[in-house]
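Please open the model in your viewer and keep a selection box at hand. The stops below follow one another, and each says what to select and what to look for.

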Amino acid sequence: MLSAVACGSTEPSPLLPTAEVPATAAPPPTEAPPTAPEVTAPPPIPTQVTAIHDFLYQLQNLDLEAIGQTGYDLIVMDYSAAGDDETAFTADQIATLKNSPGGPKILLAYMSIGEAEDYRFYWNPDWDADDDGQPDTGAPAWLDVVNPDWEGNYKIRYWDPGWQAIIYGNPGSYLDKIIAAGFDGVYLDIIDAYGYYEEQGRHSAAREMVDFVIQLAGYARARRPGFLIFPQNAAELAADFPDYLATVDGIGQEEVYYGYPDDGDLSSPDFLSEVEPNLDLFVKAGKTVLATAYTTDPTQIDDQYARARARGYVPFATVRDLDQLTINAGHEPETSQPAFTFAYETRPDGSFRLTDPPPGASDQNPAFSPDGTRLLFTRFENGYNEGPSAIYLLDLTSGAVSLLTAAPDSDNVNLPGTSWNAATERITFASDRDDTDEVWTMAADGSDLFRVTRNTPVLSQVEGTASYFIEPSFSPDGQWIIFEADPDVPEDQQQGSIWKVRADGTGLTQLTDGPSGDTDDRQPNWSPSGDRILFQRRAPGPSTGPSTTLRTGSGQSSDDWNLYTMAPDGSDVRQVTIVPSSDTDASWSPDGRWIVYSSDYGSLPVPNIFVIPVNGGEPIRATHNETRYDGAPSWSPDGQWIAFESHPGDEDIPAALWLITAPVTEQAATALPADSDRLPSEARLAGVTHWFYMINVNLEPEMVNQIAASDYDMVVLDFIPSEANNTDYPMADVIAQLHNAPHHFDCAQCKPKLVIAYIDTGQAEEYRTYWQASWGIGNPQWIVGADPDGWEGNFPVAYWYDEWREIWLGEDSYLQAILDAGFDGVYLDWVEAYSDENVTAIAQREGADPKQEMIWWVGDIADFGRAQRPDFIVIAQNAAELAKDDDYLAVIDAIAQEQVWFDGGADNDPPGDCPLPRTEAEVDSDAYRQSLSAPCHKLYDDYPDSTLHVSSDEYLRYLTLARDKGKIIFTVDYALEPENVAWVYEASRALGFVPFANNRGLDRYVEPVP
């Protein structure tokens, strides 16, 4: 038995405004600058959590077998039966519970990081030998007094590196024990400890707790990608610290509706009025809220469940001691999953094996039946892809395997996902039963075989006709079949094409032509709505032979496969995955918003299963195994499961069928933009992870060579021929050189770098070729003032004037020259001109709305570029507050925001490292002003409207809004000190942004940060 349960105090967590804290170059406080255990990777964007309908919270008296019989989706439990290492649950016990008869479960290990518990492995009785609640002589510096409300629980100075080393950072640490046991994540308690120390005058306490959680998350996810982080209580931190909300996967909140101040009490209105809005922030961000009430009254339980579900929370009611397996009557956990009691084997990542093929045989290519109760698959008798082969059925309730159809050589369900059509109840497959591979269909019971294609050996001699018709996939209505056509050549010279044909064999139509396009197109799969076709494409590398062969310079076939979609007529081809990797075996989620596929993304030693939004973005890893090849994934019709084939190693070893829960929430899926709403230009930015920004400098050949040789995905450069003293600069040649250069880390065969043209759309610059010697403020009338930040020679303009528009959009305009030079898009500076006091003054005199005029102006620039090039990229710099306007977001692809955390002065005085106030409370506070260095202090005093008078949180509020609406966010910080640069990159990436840091003048080359 545990002597006490540290699951939060009986008092509500303090909901205090953030105190005024001196801004520093990095988060730790000035009075105690700790260094946390080393984190080998910054916190990545957290993996999406499987849809959770119900959860169990129990820390004592754990009966794993009894819990396994329940249908709970998620379990919050201790890592140990008695809280110590001697009774810690084994990896086998955890794996068994995760894949138990009641259905797969997500397991979160309870871990208090804000208090120390005297029954844990790390406790030394000599720290408080006399049990007076006060640390004795020799106790560690981080140990504080006992919590009077929980016996054996001691307050701790959680920012101390000694305490943090106990929690994470070495093989014997608390977190590492949890990871080694196979838990899916942690449930972090006593987050609200920061309130205790704020009351004692430690103003940085909240920030330090947030940083502790972020660092812990980064450490865990570097070792177990997708590791889940759920803090308990202190929901108000999400409102004050956007990076905290971006890092965690959800939150647990106690006393939701019942339990405060005492068990069975209706929680006070004041408490709920503060807690609910903060929990709602998690829901809006697509996070999971676990709401626990402490009551055993049936009427109260019914009320708590109803109110929690109405707000999007996942409810649970139990006793405060958390020592019993509670199933509330009328709210029993849903068991929507089949009882997969026949699993032969489980893995630590939560997947389990469904088939046990005969010795030497290989089970591959699982495809769900339309009702989700059976799996169609191919069994190869003599090893991986080694025939003869036949088609089988697996019953997902009983585990029974039955033969559906057999042939002398090869019958194959070559493509998971849409082999079995719901509308016609027919199955399509490839077979060589008539001597050559053809597309066939049959009834669901294996009868009524019909040959769809007639690609006979005679026809295959005709130019342009393939020898193999394989990988068939039904359209949703069952009227069409799409398939892959391959010529009869060696694999390393293969160039497949995509075709379609009516199910009755008529209407044979070619959609892509691999040989003519010098590509290899394979494995097409029709979307659930029928409006897109998914396929994989391999493009050739540097060729040493004829263009019809796909060989790299080393003489090996390229393994860089990417995923694409296209319209059913072969038009509107869009790239989904961009980062060089082997992305294969792709099929759709049942709602059509996600793609599941096999990949070695991230330089994995063997491919694993990933999912990605249909419009591209950050892949989410579904399986986690470094020694097994996982491929051919198929999504279940209810969206809950992914079936796949797996075998040891990356060689052709026989495979079996496996199953794992799908790692995507309903909220995240429905928040994605539809295909029709996605700009083709936006998809081009989806794979950018490293970018470079340089203006205000002449690009000499040496500098161009350096940029070309770098690992940057995207570069933003000035349109140099527009400078009066550089009109003959070879801009087109430079762009071509950059397009032909590699652009990503560890990349042997890469896509071109994106090259974006910087233009100042809200200011006139006197060094441009359009500037006339007689011009100045007021002449012409649309030049309305001087730059408010001290940039000499820059003048805000009334951008709605025809003369200004003609410079950019006229027949011989700058924008046309930018397009002709080969730029991939534009980077629009000074969008914030609409708020400049001189611009607003002339707008008021003329009856113009400067904000609306700017939105129209950006839209006109975008329309001009996309009329000639539909994938022309438009990135708007600053004015993040325009994210509130959907009309504005509809015409841009991304927002780039300067000085989110650090700034510098005009003309590099100072060049950077001036920290912005973190929060609104710090803005213009004496403490913040006094924290600045002398150069930054001068900048602060000289420019009262500068960014040093704006908080980082104000920018982040709008940037996260734009991100949540589907826009890509680039951050630009002016920081040179290594510790500041490292912190900026980590903080930006934790929010899902793409960071860059340089000097304020943007006139020097910096190496990309891995």
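A disulfide is here a pair of cysteine sulfur atoms within 2.5 Å. The model is a predicted one, in which local features need pLDDT of at least 70 and side-chain atom pairs count only at pLDDT 80 or more, while totals for chains, interfaces and linings use all residues. Residues are numbered from 1 along each chain as its sequence is written, and side-chain values use heavy atoms, with hydrogens and water left out.

**The disulfide and the loop before it**

Select Cys914 and Cys936, which are joined by a disulfide with an S to S distance of 1.9 Å; the structure holds 1 disulfide. The torsion about the S-S bond of Cys914 and Cys936 is about -85°, so this disulfide is left-handed. Cys914 belongs to strand β49 (residues 914-915) and Cys936 to helix α22 (residues 934-942), so that the pair links distant parts of the chain, 22 residues apart; helices (H or I, at least four residues) and strands (E, at least two) are DSSP runs, numbered from the N terminus. Both Cys914 and Cys936 are buried, where buried means under 20% relative accessible area, exposed over 50%, and partly exposed in between (1.4 Å probe, protein chains only).

Next select Asp913, found in the loop between β48 and β49. The phi of Asp913 is near 65°, a positive value in a residue other than glycine, and at 17% relative accessibility Asp913 counts as buried. In the loop between β48 (902-903) and β49 you will also find Pro910, and the peptide bond from Asp909 to Pro910 is cis, with omega near -5°. As background, most residues other than glycine have a negative phi, and most peptide bonds are trans.

**Further backbone stops**

Move to Pro780, in the loop between β43 (763-765) and β44 (794-796), where the peptide bond from Asn779 to Pro780 is cis, with omega near 5°. Then go to Asn365 in strand β16 (residues 362-368), which has a positive phi of about 55° although it is not a glycine; Asn365 is buried, with a relative accessible area of 11%.

**An enclosed strand**

Select strand β45 (residues 825-829), in which 5 of the 5 residues are buried, so the strand is largely enclosed by the rest of the structure. Gly825, Tyr827 and Asp829 point one way from β45, whereas Val826 and Leu828 point the other way. Add strand β42 (residues 754-760), which pairs with β45 in the parallel sense over 5 bridges; two strands pair if DSSP finds at least two bridges between them. Tyr758 has Tyr827 of β45 as its bridge partner. Now add strand β46 (residues 873-877), which pairs with β45 in the parallel sense over 4 bridges, and note that the bridge partner of Val826 in β46 is Val874.

**Aromatic rings**

Rings of Phe, Tyr and Trp (its six-membered ring) pair if their centres lie within 6.5 Å; planes under 30 degrees apart count as stacked, over 60 as edge-to-face and the rest as tilted. By this rule the count comes to 52 aromatic pairs. One of them is Phe377 with Tyr392, a stacked pair at 5.8 Å centre to centre with 20° between the planes. Phe377 lies in strand β17 (residues 374-380) and Tyr392 in strand β18 (residues 389-395), so this pair ties together parts that are 15 residues apart in sequence; Phe377 and Tyr392 are both buried.

Select Trp804 and Trp808 for an edge-to-face pair, at 5.9 Å centre to centre and 70° between the planes. Trp804 and Trp808 are 4 residues apart in helix α16 (residues 802-809), and so are separated by about one helical turn; both are buried. For a cluster linked by ring pairs, select Tyr79, Phe121, Tyr122, Trp123, Trp127, Trp142, Tyr154, Trp163 and Tyr174.

A charge sits over a ring if NZ of Lys or CZ of Arg is within 6 Å of the ring centre and within 35 degrees of the ring normal. Select Arg223, whose charged end sits over the ring of Tyr219, 3.6 Å from its centre, and then Arg347, whose charged end sits over the ring of Trp658, 5.0 Å from its centre.

**Colouring by confidence**

Finally, colour by pLDDT, the predictor's confidence in each residue, from 0 to 100. The mean pLDDT of the protein chain is 84, and 87% of its residues reach 70 or more. Confidence is lowest in helix α12 (residues 666-671), at a mean of 34, and highest in strand β9 (residues 185-189), at 97. Over residues 1-50 pLDDT stays under 50. Where pLDDT is low, the predicted coordinates should not be read in detail.

Note on methods. Contact means heavy atoms within 4.5 Å.
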